[in-house]
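Good morning, and thank you for coming. I would like to walk you through one protein chain, beginning with its surface and ending with the chain as a whole.

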Amino acid sequence: NNNNNNNNNNNNNVFLQARSIQQRLRRIAMAKQASLGPTKDLQDASKLLLDPMTLRRFKLEPKKEGKQIDRSLRKSRANVADVLVKTHKEFLKAIVSHQSDFIRFHRTKRAEVSKLARA
């Protein structure tokens, strides 16, 4: 029963939103008829109705251009991968050098402590 009430409320909300959009578009259309030039509201209204990304046409590019694009994409991806590998290697090198410095430091500290304990 609760689910039916929620569904009815959601349907009513969607209906009210659609109705308000239609009313706004009617007002804009009437304003456009009154004035000769396109209004900013009309452009906003068209954005509400149409999403250009969903209506975009995809053209197949010729094979030659496609191969060139693929080559350039592969090159750019390879360059990015090389930079990432290089930075990762530098990072690992820094970690290993820190590790050796850490071990050396604590080895000398342990030796100093053992000398003081003997004395």
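Please look at K63, K67, R71, R74 and K75, which together make up a positive patch on the surface. This is a predicted model, so everything I describe rests on a prediction. Let us take one member of that patch, R71, which is located in helix α3, the helix covering residues 63-118. Is R71 buried, partly exposed or exposed? Its relative accessibility is 48%. Exposed requires over 50% and buried requires under 20%, so R71 counts as partly exposed.

The surface also carries a patch of another kind. F91, L92 and I95 form a nonpolar patch, and their accessible area together is about 280 Å². F91 is a residue of helix α3, and R71 of the positive patch also belongs to helix α3.

Let us now turn to the whole chain. It contains three helices and zero strands, so that its order from the N terminus reads α-α-α. How many of the 119 residues, as a percentage, count as buried? The figure is 3%. The chain exposes about 11,600 Å², and 57% of that area comes from carbon and sulfur atoms.

Finally, a word on confidence. The mean pLDDT of the chain is 76, with 67% of the residues reaching 70 or more. Which element has the lowest mean pLDDT, and which the highest? Helix α2, residues 40-49, has the lowest at 55, while α3 has the highest at 88. Helix α3 is also where we met R71 and F91. Thank you for your attention.

Terms used:
Residues are numbered from 1 along each chain as its sequence is written. This is a predicted model: local features need pLDDT of at least 70, side-chain atom pairs count only at pLDDT 80 or more; totals for chains, interfaces and linings use all residues. Side-chain values use heavy atoms; hydrogens and water are left out. Patches are made of residues with over 30% relative accessible area and no salt bridge: like charges are joined within 9 Å, nonpolar side chains (Val, Leu, Ile, Met, Phe, Trp, Tyr) within 5 Å. Accessible areas come from the Shrake-Rupley method with a 1.4 Å probe; for residues, only the protein chains shown count as cover. A salt bridge is a side-chain nitrogen of Lys or Arg within 4 Å of a carboxyl oxygen of Asp or Glu. Lys and Arg count as positive and Asp and Glu as negative; His and the chain ends are not counted. The place of a charge is taken as NZ of Lys, CZ of Arg, CG of Asp or CD of Glu. Helices (H or I, at least four residues) and strands (E, at least two) are DSSP runs, numbered from the N terminus. Buried means under 20% relative accessible area, exposed over 50%, partly exposed in between (1.4 Å probe, protein chains only). pLDDT is the predictor's confidence in each residue, from 0 to 100.
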